[in-house]
Amino acid sequence: MGPPQPASPAGTVDATAGVRVKVSDRYVEIKNGIFELTLSNPDGIVTGVRYNGVDNLMEILNKEDNRGYWDLVWNPPGQKTGIFDVIKGTEFRIIYHDENQAEVSFTRNWDPSLEGKAVPLNIDKRFIVLRGSSGFYTYGIYEHKEGWPDFGLGETRVAFKLRKDKFHYMALADNRQRIMPMPDDRLPPRGQPLAYPEAVLLVDPINPDLRGEVDDKYQYSCEDQYNNVHGWMSFDPPIGFWQITPSDEFRTGGPLKQNLTSHVGPTTLAMFLSAHYAGDDLSPVFTNGEYWKKVHGPVFMYLNSSWDGSDPTILWEDAKVQMMIEKESWPYYFALSEDFQKTEQRGCVSGRLLVQDRYIDDEDLYASGAYVGLALPGEAGSWQRECKGYQFWCRADEDGSFYIRNIVTGNYNLYAWVPGFIGDYKLDATLTIASGDDIYLGDLVYKPPRDGPTMWEIGVPDRSAAEFYVPDPNPNYVNRLYINHPDRFRQYGLWDRYTELYPDNDLVYTIGQSNYSTDWFYAQVNRKVDENTYQPTTWQIKFNLDSVSPGSTYKFRVALASSARAELQVFFNDQNRGVPHFATGMIGRDNAIARHGIHGLYWLFNINVDSAWLVQGMNTIYLKQPRNQSPFQGLMYDYLRLEGPCDC
């Protein structure tokens, strides 16, 4: 741990002081000369953080159990509505304490008398304070014992609610940080609710500079692969409160899974499991009394300060440095639960991934930048819906080489996908990782789906719709952070821009003339007729064929980046036939259109096209999305390709 930045004169710091623990009837206080952490006894709620001359960084206007807490959402069998539960311990104990370290535990155990009243889990919440460390760690061990009742788990996380009179500046990336609205700005009459409760138009905010902007917590979502540090800054005194997540291994859904970060509150979250941008596919269901145990975390709450409050980037840059220190320290040697495996207990896997596509190159290609990971055994691609085990991911080097370190022991499949190619790779063998293993797999070859030569393609196979046309926002509904920003898609209300661009007729895309970055709208959404009525839309792809090979099969491949209670129907040259040539049925609940996500879960459809459906000359493929109950039902495309017949 590096020493904290010098505190302002108001706060006295003794970075050499030992760790002290004081236990009373109602509180557990842990201090190390840099800060003081107060936890309720035996609940294990963070009621206070004293730092840099400020008595409490937590929101003192909130009740004590609404400041810093672990929570979950669960449901008993057959009950759709989730039950929100702030996890309160019933027993406190000191796991370990000396001058250098304190680890404390707050446990809540389940027994049959609680059936239907409490989630059937034993939960052990741990907090760690180290000597010389400017912040505290927390992690949780969840256990569902064999034979216990069935249940579903919709979400679990740690939430911190900071003082609204202090923390006004929020940061989660170099280009995603700003002065934020106040929570009061979201309430009438200062705020006007929009199409869903999370989005509010700031009509009369306390800070007049923010008037006319939209605040929506989903605008600050982030893919887990980039979701390592975020938080808030106070300017008086200059203090940062940061949530650092050093590893993705305990988060569900793989590196592309999107989660909430920090948002108006001022709130900062460590999300471990959620259905956001995925739907129920990422809410685990435990059936037939199955045994399950998982460690969530540890995550680090980092505190920093500076002499000079005029430049918030000082605290942000320091938080990024601390994030790298935490990542390099993973897995933490000091976390004392035997369920959290240390470096020597874990294993490693390495190898090289190549791509074989003879229609692109006679030689195998390097899987440059491939995502390679281990997750519980399943079908190819199942990792993105996997939500019970641990996952371990890396990005391959330019030559396709990969090295996955610090893998928790157990049985896994190795999965991969390669930007620039469709589909998912899976190694056939199940890998059993034992302590100390360093398994070298050699060269692995991924053969992406391919039957024939490319006749034409639209987009880039990268599991995102970001390369397509993302319109400017309606000037009445703008978040100024995202003007001239690479994440243009994070603006509110973009779905309604389709109706303005195509008021009467739907999108028509002509191969060889149209450009997907300007002519292919980022989402196939419904057309707005009036406030409560929406029309389905049918897009067209027009393309010319010099000849059609009779009696042969072409292939139309459609990769979707998102689907929200939508359906894709495909017609070839005849949109009026009674039954589409291909239909997905209703798929997806990722809600990425409403939540500014640019992608949710990935879907790949490989459609056989009978040559009798095609004609010499101009052809039209009709893409219809027929479900129109809401503005948020729709599709985002990742990539589309027509392949000619196999010339094998």
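This is a short tutorial dialogue on reading strands, residues, pockets and cavities in a predicted model.

Student: Let us start with strands. What is the general idea behind their pairing in a sheet?

Tutor: Strands of a sheet pair through backbone hydrogen bonds, and the sense is either parallel or antiparallel. Take β3 (residues 35–40) and β4 here. They pair in the antiparallel sense, over five bridges.

Student: Which residue stands opposite Val46 of β4?

Tutor: Leu39 does.

Student: And how many residues lie between the strands in the hairpin of β3 and β4?

Tutor: Five. Look at Gly44 in that hairpin: its phi is positive, near 75°.

Student: Is strand β4 largely enclosed or largely open, and why?

Tutor: Strand β4 covers residues 46–51, and five of its six residues are buried, so the rest of the structure largely encloses it.

Student: Now a sheet with more strands. In what order do the strands of the five-stranded open sheet run?

Tutor: The order is β35-β38-β44-β40-β41, with mixed pairing. The edges are β35 (508–510) and β41 (582–583), each of which pairs on one side only.

Student: How do β40 and β44 run, parallel or antiparallel?

Tutor: Antiparallel. Strand β40 (residues 569–572) and strand β44 (residues 617–625) are joined by four bridges. To find the register, start at Phe571: its bridge partner in β44 is Tyr622.

Student: Next, single residues. Where does Ser221 lie, and is it buried or exposed?

Tutor: Ser221 lies in the loop between β16 (214–216) and β17 (222–223). The cut-off for buried is under 20% relative accessible area. Ser221 has 0%, so it is buried.

Student: What does Ser221 touch, leaving out residues up to four places away in sequence?

Tutor: Its contacts are Arg176, Asn259, Leu260, Tyr277 and Arg490. With Tyr277 there is a side-chain polar contact of 2.7 Å. For a distance across the fold, take Phe300, 79 residues from Ser221 along the chain. Their C-alpha atoms are separated by 19 Å.

Student: Let us try another loop residue. Where is Gln491?

Tutor: Gln491 sits in the loop between β34 (454–459) and α2 (497–501). Its relative accessibility is 2%, so Gln491 counts as buried.

Student: Which residues are in contact with Gln491, with the same sequence neighbours left out?

Tutor: Gln219, Pro473, Tyr477, Val478, Asn479, Tyr482, Ile483 and His596. Asn479 also offers a backbone atom: its nitrogen lies 2.8 Å from a polar atom of the Gln491 side chain.

Student: Which element holds Lys327, and what is its accessibility?

Tutor: Lys327 is in helix α1 (residues 313–328). Buried ends at 20% and exposed begins over 50%. Lys327 is at 32%, so it counts as partly exposed. Beyond four places in sequence, Lys327 touches Asn228 and Pro246. Glu223 is 104 residues from Lys327 along the chain, and the two C-alpha atoms are separated by 17 Å.

Student: Now empty space. What shows where it is left?

Tutor: Rolling a probe the size of a water molecule over the atoms does. Begin with the largest pocket, at about 900 Å³. It is lined by 36 residues, and closest to its centre are Lys80, Ala275, Gly279, Asp280 and Ser283.

Student: Which element gives the most to the lining of the largest pocket?

Tutor: β11, with five residues. The elements that supply at least two each are β5 (68–75), β11 (151–161) and β39 (553–566). By type, the lining has 11 nonpolar, 15 polar and 10 charged residues.

Student: What is the volume of the second largest pocket, and which residues lie nearest its centre?

Tutor: The volume is about 700 Å³. Of 22 lining residues, Pro246, Asp248, Lys327, Trp393 and Cys394 lie nearest the centre. β28 (392–395) and β29 (401–407) are the elements that give two or more residues. The lining divides into nine nonpolar, six polar and seven charged residues. Lys327 thus returns, in this lining, and so does its contact Pro246.

Student: Last, how many cavities of 30 Å³ or more are there?

Tutor: Five. The largest cavity holds about 110 Å³ of space. Its lining has 13 residues, with Leu256, Lys257, Gln384, Gly600 and Leu601 nearest the centre. Six of the lining residues are nonpolar, five polar and two charged.

Note on methods:
Residues are numbered from 1 along each chain as its sequence is written. This is a predicted model: local features need pLDDT of at least 70, side-chain atom pairs count only at pLDDT 80 or more; totals for chains, interfaces and linings use all residues. Side-chain values use heavy atoms; hydrogens and water are left out. Buried means under 20% relative accessible area, exposed over 50%, partly exposed in between (1.4 Å probe, protein chains only). Contact means heavy atoms within 4.5 Å. A polar contact is a pair of N or O atoms within 3.5 Å; within protein, one must be able to donate a hydrogen and the other to accept it, and residues adjacent in sequence count only if both atoms are side-chain atoms. Two strands pair if DSSP finds at least two bridges between them. On a 1 Å grid over the protein atoms alone, a cavity is a set of points where a 1.4 Å probe fits but cannot get out, and a pocket is an open set with protein on both sides within 12 Å along at least five of seven lines; lining residues have an atom within 4 Å of a point. Grid points are joined across faces, edges and corners, and a volume is the space filled by probe spheres set on the points. Ala, Val, Leu, Ile, Met, Phe, Trp, Tyr, Cys and Pro count as nonpolar, Asp, Glu, Lys and Arg as charged, and the others, Gly among them, as polar.
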